[in-house]
Amino acid sequence: SRVQSSLARPRPARAAAAMGFLRESAPLSWEDSQAHLRFIREHGLEQFLAVFQRCQGISADPFKWGDEVEHGIFRLTGGADQADRSVKVALRSPEVLRELRAAEEKLRAAGGGRGEEACTWMPEFGRWMLESTPGEPFEGVGGLVGLEAQMALRRRRLAAALRPGEVAPTVTSMPLFGVADFCEPRMEPGGPAAASLFVPDEAS
């Protein structure tokens, strides 16, 4: 049968571990995307079946895993003892990403930045956000031992790429997002993408 013949196939070579990430690109509008929907549906199914056929005989793979941390970049305004002390989102993540990636390339070129010393930096939703992951996956339960140190390493490298007065805490939301003059540089609310009364497109 078809099922039996597929199970009898030689075991495929093990593919290198990889993770999926966001890519920096310009999304299509809803209207422009309509012409591509059929292609996307059909090829999504074809890709699933191709991966299934290639991997269905694999077993006992090593357990590899990783983490991701989403960072927000904020700028503190006013002095610590001033009544108008506040915080704004800093729309600098593309610039910070370039600096962090260049630093990783420099480390690798010098023979470092590998294994537990490797970090990967990716864009996130807004221009005030970025994502960090380990440069290589952890393996097995024993990988937990190095997780905290790897997270701390990423935070140190990110902090080194910030300007004076900027911080990058890990928070689930920005309470002042959309409130008055909440981003730096200052941007006017609105735009065709978000169509928001409070948030400028430049913040996303």
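This is a short tutorial dialogue on reading the sheet, the helix packing and the nonpolar cores of a predicted model.

Student: Let's start with the sheet. In what order do the strands of the open three-stranded sheet run?

Tutor: Follow the pairing from strand to strand. Here the order is β2-β6-β5, and the pairing is antiparallel.

Student: Which strands stand at the edges?

Tutor: Look for strands with a single partner. β2 (69-72) and β5 each have just one partner strand, so one side of each lacks a neighbour in the sheet. Neighbouring strands are also turned against each other by 30° on average, direction ignored.

Student: How many bridges join β5 and β6?

Tutor: Five bridges join β5 to β6 (residues 129-134), in the antiparallel sense. To get your bearings, find Pro123, which stands opposite Leu130 in β6.

Student: Which helices should I place against these strands?

Tutor: Begin with α4, which lies across β5 and β6 and runs at about 155° to β5. Then add α5: this helix packs on the sheet, touching β2, β5 and β6, and its direction makes about 60° with that of β5.

Student: And how do α4 and α5 meet each other? At what angle do their axes cross?

Tutor: Compare their directions where they touch. The axes come within 10 Å and cross at roughly 120°, which makes α4 oblique to α5. The crossing is right-handed. On the α4 side the contact is made by Val96, Glu99, Leu100, Glu104 and Leu107, and on the α5 side by Arg157, Leu158 and Ala160.

Student: What should I expect of nonpolar side chains?

Tutor: In soluble globular proteins, they tend to be buried together. In this model the largest nonpolar core has 13 residues, and those with the most contacts inside it are Ile73, Val96, Leu100, Trp121, Leu130, Leu158 and Leu162. At least two core residues come from each of α4 (93-109), β5 (119-123) and α5 (144-160), and α4 gives the most, with three. Apart from this core lies another, of 10 residues, including Leu91, Met129, Phe182 and Val199.

Student: Which residues does Ile73 contact beyond its neighbours in sequence?

Tutor: Set aside anything within four places of Ile73, and its partners include Val89, Val96, Trp128, Leu130, Leu162 and Glu166.

Student: Which strands does β3 pair with?

Tutor: Take the partners one at a time. β3 (residues 74-77) pairs with β4 (residues 86-90) over four antiparallel bridges, with Phe74 opposite Val89. β3 also pairs with β8 (residues 166-167), again in the antiparallel sense, over two bridges; there Arg75 stands opposite Glu166.

Technical notes:
Residues numbered from 1 in each chain as written. Predicted model: local features only at pLDDT ≥ 70, side-chain atom pairs only at ≥ 80, totals over all residues. Heavy atoms only, no water. Core = buried A, V, L, I, M, F, W, Y, C linked by side-chain atoms within 4.5 Å. Buried < 20%, exposed > 50% of the residue type's maximum accessible area, 1.4 Å probe, protein only. Contact = heavy atoms within 4.5 Å. Pairing = 2+ DSSP bridges. Axes fitted to C-alpha atoms, helices over the stretch in contact; angles between N-to-C directions. Parallel < 35°, antiparallel > 145°, perpendicular 65-115°, else oblique. Left-handed = near helix turned anticlockwise from the far one by under 90°.
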